[in-house]
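Visitor: I would like a close look at the surroundings of the ligand. Please start with the residues around it and then work outwards through the strands that carry them.

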Amino acid sequence: MEKKEQTVTMEKIVNLSKRRGFVFQNSEIYGGLASSYEYGPLGVELKNNLKKLWWKMFVQERADMVGIDGNILQSPKVWEASGHVEKFKDPLVECKKCHKRFRSDKLADPSKCPECSGPFTEEKYFSGMFKTVIGPVEKEGLVTYLRPETAQAIFVDYKNVLSSTNKRIPFGIAQIGKAFRNEITTGNFIFRTYEFEQMEIEYFISPNENWKKIFDNFLNQMHKFGELVGLDKEKYFDHNIPDGERAHYSKKTIDIEYDWLFGRDELWGLAYRTDFDLINHQKASGIDMAYTDPMNNEKYVPHVIEPSMGLDRTVLAVLSECYDEEEVGGELRTVLRLPKAIAPIKIAILPLSKKEELISKSKEVYDLLKSDYMCEYDETQSIGKRYRRQDEIGTPYCVTVDFDSLEDKKVTVRDRDTMKQDRVEISKLAEYFVEKL
Ligand code: ATP
């Protein structure tokens, strides 16, 4: 088995995603909606597995964390108080020659168009929020926005969480959900889209707490999560965002940047939001957001550390990182070397031929395993093509039922990475996979 030099490209990732059902273009039959994608049967499994792992690491395994599921639509007062109406804006320039639009703060050289070197118009600020109207009559309706971050529901619900749980500061609230941004420049597949999913935590601490230590702990955990989902730690970098470039609410931000196939850019962010949000909601709502420490009766408005991790960017990083090609017997084998925990399908059950006895035996095996693992039963095409499909979608194990299986009650289990095959008794399969998976 000869390992070929890495030839992974964005084009290959996009093609595989579509061909195998990870990611589809949104509204494709109408020519597609720009920078909008949807997740297919395998994409949704991969995303669910990533979310499950994230929730396990950041909520289930921590006594100081709970979750919520807030709404996409909030009162417009939330976005006024949070500063998003006034400040969540990006600087836009338009090329006077080719009329392409760019976010000027993202240009290497903001003095001329990167496409045609033409001159730019003056910078204009552009809201990153999608406006919408609640109510049947547009003119009389309530104007609000689709949330550009999941965080605000957490700030608004923070007192409800305190009064309904036994949590005391320091503690955190986690949330996974959709966010929407009217981005000026989108692109690079699912890297920057209008609609995306975030996995966010607001971690509440005392203003006297050593925030740097908590900040660094989260940074470590984010790195660990990257490794857990198969990212190469050599490929991500902590970029400390300098004064003047941080979001309006942040006193310190580290962008965890990643070496994408198109260059280095942000994967996830970690910010010290101070008491900015709670103080602003307190002022705007008139509700006291202070916390009283039950140990010493000290009263304060908590400060907040926020790890914010884009799920779609995680999917793209994982697909790019795990995509591999190698030559086997003169043929190219494409393998998605996904960590087992996030592989969409854990076990594929494949009858060697479409003979009735093999099909019924295979279905028996499928029934035996399906409640514990996401399995796929496949009787179409040649066995070689079926192996190739399972390699491409990252299935760690294929179970083949052949004519001998009918006699010896054993099946062949093929390992995705080593391609080694084990002959395993059907009655011992469950035990075998408990160990393997
Ligand atoms: P960028 O500088 O790339 O626009 P940002 O600094 O505005 O990102 P944050 O506000 O920190 O991003 O959002 C937290 C996380 O949400 C990001 O680290 C990223 O993973 C994800 N994210 C933000 N915007 C998008 C988008 N348009 N498409 C997909 N994911 C996004």
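**The ligand and its sheet**

Guide: Sorted by class, the shell around the ligand holds seven charged, five polar and four nonpolar residues. Here Asp, Glu, Lys and Arg are charged, Ala, Val, Leu, Ile, Met, Phe, Trp, Tyr, Cys and Pro are nonpolar, and the others, Gly among them, are polar. Before we go further, please keep in mind that this is a predicted model: local features need pLDDT of at least 70 and side-chain atom pairs count only at pLDDT 80 or more, while totals for chains, interfaces and linings use all residues. Residues are numbered from 1 along each chain as its sequence is written, and side-chain values use heavy atoms, with hydrogens and water left out.

The ligand is surrounded by 16 residues, and the closest are Glu 183, Arg 192, Thr 193, Glu 266 and Leu 267. Being near the ligand requires one heavy atom of the residue within 4 Å of it.

Now for the polar contacts, meaning pairs of N or O atoms within 3.5 Å; within protein, one atom must be able to donate a hydrogen and the other to accept it, and residues adjacent in sequence count only if both atoms are side-chain atoms. Glu 266 has a side-chain N or O atom 2.6 Å from an oxygen atom of the ligand. Arg 181 also uses its side chain, placing a polar atom 3.0 Å from a ligand oxygen. Thr 193 takes part through its backbone, where a polar atom lies 2.9 Å from a nitrogen atom of the ligand. On its own the ligand has 600 Å² of accessible area, and the protein covers 88% of that; such areas come from the Shrake-Rupley method with a 1.4 Å probe, and for residues only the protein chains shown count as cover.

Which elements give two or more residues to this shell? They are β11 (195-205), β14 (263-274) and β17 (303-310). With four residues, β14 gives the most. Helices (H or I, at least four residues) and strands (E, at least two) are DSSP runs, numbered from the N terminus.

These three strands belong to an open sheet of seven with mixed pairing, in the order β4-β10-β11-β17-β14-β13-β12. Two strands count as paired if DSSP finds at least two bridges between them. At the edges stand β4 (65-67) and β12 (236-240), each pairing on one side only. Ignoring direction, neighbouring strands of the sheet are turned by 25 degrees against each other on average. Axes are lines fitted to C-alpha atoms, for helices over the stretch in contact, and angles run from 0 to 180 degrees between N-to-C directions.

Let us walk along the middle of that order. β11 and β17 run antiparallel and are joined by six bridges, and along this pair Gln 198 faces Gly 310 of β17. Next, β17 is also antiparallel to β14, again over six bridges; here Thr 274 has Val 304 in β17 as its bridge partner. On its other pairing, β14 meets β13 (252-260) in the antiparallel sense over nine bridges. Ile 254 stands opposite Leu 270 in β14, and the hairpin that β13 and β14 make has two residues between the strands. As general background, strands of a sheet pair through backbone hydrogen bonds, either parallel or antiparallel.

A helix joins the picture too. α6 (residues 211-228) lies across β11, β12, β13, β14 and β17, running at about 145 degrees to β14. Contact here means heavy atoms within 4.5 Å.

One last stop is just ahead of β10, another strand of this sheet. Pro 170 sits in the loop between α5 (151-164) and β10 (171-180), and the peptide bond leading to Pro 170 from Ile 169 is cis, with omega near 5 degrees. For context, most peptide bonds are trans.

To put it together, β14 is the strand to keep in view: its four residues are the biggest share of the ligand shell, its antiparallel partners are β13 and β17, and helix α6 lies across it.
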